[in-house]
Amino acid sequence: MLHIFGNMKTKDRWLALLCVLLVCGQVYFDLRLPDYTAEITVLISSEVTELSQYFVAGGKMLACALCSALLTVIVGYLSAMIAADFSYDVRAKLFDKVTSFGPGEIKKFSTASLITRTTNDITQIQMIISMGLQMLIRAPIMAIWAIIKIVGKSWQLSVVVASAVVIVVGALIVILAIMIPKFRIVQKQIDDVNRITEENLNGIRVVRAFNAEGYQERRIFECRLFL
C-alpha cells in the first residue's frame, strides 16, 4: 500500500511536511499550558502576588490555547486539501488503467470489484491521509515530547507515562491485528453488495415482472456477516 503514496505530487509532499511542522507547533503550545497552570498555582500559594501577575499568566495560557486552535484549523484545512488532491489523481490514474485493459485482463476482474476499488478503497485512503496528518502524527510527537519534558522533572512520573504509552501502543497493535482480517471480509462483502445492486439495475424489468423485489433485498442482507 505504501507505494500508492508515491503518486503524491511534489506540492502535496511539501504541504504534508508543512502540516508536520504545524503539528509540532500545536504540540508545543499544548504542552506549554501545564507550565502556565503550575505558574498560576505557585502565584495562588504566594502571599505577595499581585493581581497583574494572574492576568499575565492567564494571558499566556489564553494565547497558547488560541495559537493551538489556529494551528489545528490550518492543519485540518491543509490535510483535507492534500487528501482530496491525492485521491483525485489516484482515481484518474486508476480509471485510465482500467480503460486500457484488454478483454483478457477485464475477465480477471468483476465490475463490482472495480467499482469498489475506484470508490470505497480510494475514499478509505483519502480518510487515512486526512486523519493521519492530524492525529496519527500528532499522537507520537506529543507522547515523545511529553516524556522528554517530564524526564527532567521527575523520573518516577516519566516511568508512569512511558508505561502508559507502551500499554496504549500494545492495545493498538492488538486491535489492528483483530480488525485487519475483519476489514478484508468487509471489503469482499462490499464487492458482493455492488454486484447484486448492479444485477438489480440491469435486470430491473425482469425483477418487477416476476415480483422478485423481496428476494433481491434478501440477497443483499445475506451479504452481511455477523462478526
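# A tour from Ser 79 outward

Select Ser 79, which sits in helix H2. The model is predicted, and residues are numbered from 1 along the chain as its sequence is written. Is Ser 79 buried or exposed? Its relative accessible area is 0%, so Ser 79 is buried. Now show what surrounds this residue. Setting aside residues up to four places away in sequence, Ser 79 touches Cys 19, Ser 130, Leu 133 and Gln 134.

Step back one residue to Leu 78. Which residues is Leu 78 in contact with, leaving aside its neighbours within four places in sequence? They are Leu 15, Leu 18, Cys 19 and Leu 22. Cys 19 is thus listed for Leu 78 and also for Ser 79.

Next, select the nonpolar core. The largest one has 20 residues, and those touching the most other members are Met 8, Leu 22, Leu 78, Ile 82, Phe 86, Ile 129 and Leu 133. Colour by helix: H1 (10-45), H2 and H4 (111-136) each supply at least two residues of this core. Leu 133, one of the core residues just named, is also touched by Ser 79.

Continue along helix H2, which spans residues 51-99, to Ser 87. Its relative accessibility is 3%, so Ser 87 counts as buried. What does the side chain of Ser 87 make a polar contact with? The partner is the side chain of Gln 126, at 3.2 Å. Beyond the neighbours within four places in sequence, Ser 87 is in contact with Ile 122 and Gln 126.

Now move to the surface and select Ile 178, in helix H6 (residues 155-202). Ile 178 counts as partly exposed because its relative accessibility is 46%, which lies between the 20% and 50% cut-offs. Add Val 168, Leu 172, Val 174, Ile 175 and Met 179 to the selection; with Ile 178 they make a nonpolar surface patch of about 550 Å².

Finally, deselect everything and view the whole chain. How many helices and strands are there in the protein? There are eight helices and zero strands, giving the pattern α-α-α-α-α-α-α-α along the sequence. Of the 227 residues, 26% are buried. The protein exposes about 15,500 Å², with carbon and sulfur atoms supplying 71% of that area. For a contact map, count the contacts between residues at least 6 apart in sequence: 78% of them join residues at least 24 apart.

Note on methods: Predicted model: local features only at pLDDT ≥ 70, side-chain atom pairs only at ≥ 80, totals over all residues. Heavy atoms only, no water. Helix = DSSP H or I, 4+ residues; strand = E, 2+ residues; numbered from the N terminus. Buried < 20%, exposed > 50% of the residue type's maximum accessible area, 1.4 Å probe, protein only. Polar contact = N/O pair within 3.5 Å; in protein donor to acceptor, adjacent residues only side chain to side chain. Contact = heavy atoms within 4.5 Å. Patch = residues over 30% accessible without salt bridge, like charges linked within 9 Å, V, L, I, M, F, W, Y side chains within 5 Å. Areas by Shrake-Rupley, 256 points an atom, 1.4 Å probe, with all protein chains shown as cover. Salt bridge = Lys/Arg side-chain N within 4 Å of Asp/Glu carboxyl O. Core = buried A, V, L, I, M, F, W, Y, C linked by side-chain atoms within 4.5 Å.
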